[in-house]
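User: Please take a close look at one part of this protein. I would like a single connected account, with the contacts and the surface treated together.

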Amino acid sequence: MLGFSANNGVEIKGRYARNMRAAAQRRETGALNKHDKQVYSFLNEEPRVTLVRG
């Protein structure tokens, strides 16, 4: 995805990587917190813009 768990021998470190791993773990286990639920709800919304090709 974003390389936070790359298998090329290089471990991505830092707060961003820890947050991404934790979010992925919560998603896999279904133990979503309030923020996760808001994010996934937003991502699943229908777009409010209609594209018209002429």
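The part I mean is helix 2, residues 34-44.

Analyst: A definition comes before the surface. Patches are made of residues with over 30% relative accessible area and no salt bridge, and nonpolar side chains are joined within 5 Å. By that rule, V39, F42 and L43 make a nonpolar surface patch of about 310 Å². This is a predicted model.

L43 is part of helix 2. Its relative accessible area is 57%, so L43 is exposed. That value is over the 30% a patch member needs.

The setting comes next. The protein has 2 helices and 0 strands. Of its 54 residues, 9% are buried. The accessible surface is about 5,300 Å², and carbon and sulfur atoms account for 53% of that.

How much of helix 2 is buried? Of its 11 residues, 1 is buried, so the helix lies largely in the open. D36 has a relative accessibility of 6% and counts as buried, because the cut-off for buried is under 20%. D36 also lies in helix 2.

Now the start of the helix. There, N33 brings a side-chain oxygen to within 3.2 Å of the backbone nitrogen of H35.

D36 also takes part in a salt bridge. Its partner is R26, and the closest N and O atoms are 2.5 Å apart. R26 belongs to helix 1, residues 15-29, whereas D36 belongs to helix 2, so the pair ties together parts that are 10 residues apart in sequence. The two partners fall in separate exposure classes: R26 is partly exposed at 23% relative accessible area, while D36 is buried at 6%.

What lies over the face of Y40? R27 does, at 4.2 Å from the ring centre. As for ring-to-ring contacts, the count of aromatic pairs is 0.

Beyond residue 44, where helix 2 ends, comes another charged contact. The count of salt bridges is 2. Besides R26 with D36, there is a bridge between the side chains of E45 and R48, at 3.6 Å from N to O. E45 is partly exposed, with 39% relative accessibility. R48 is exposed, at 75%.

To pull this together: helix 2 lies largely in the open. D36 is buried and forms a salt bridge with R26. Y40 has R27 over its face. V39, F42 and L43 make the nonpolar patch.

Terms used. Residues numbered from 1 in each chain as written. Predicted model: local features only at pLDDT ≥ 70, side-chain atom pairs only at ≥ 80, totals over all residues. Heavy atoms only, no water. Helix = DSSP H or I, 4+ residues; strand = E, 2+ residues; numbered from the N terminus. Buried < 20%, exposed > 50% of the residue type's maximum accessible area, 1.4 Å probe, protein only. Areas by Shrake-Rupley, 256 points an atom, 1.4 Å probe, with all protein chains shown as cover. Polar contact = N/O pair within 3.5 Å; in protein donor to acceptor, adjacent residues only side chain to side chain. Phe/Tyr/Trp six-rings, centres within 6.5 Å; stacked < 30°, edge-to-face > 60°. Lys NZ or Arg CZ within 6 Å of the ring centre and 35° of its normal. Patch = residues over 30% accessible without salt bridge, like charges linked within 9 Å, V, L, I, M, F, W, Y side chains within 5 Å. Salt bridge = Lys/Arg side-chain N within 4 Å of Asp/Glu carboxyl O.
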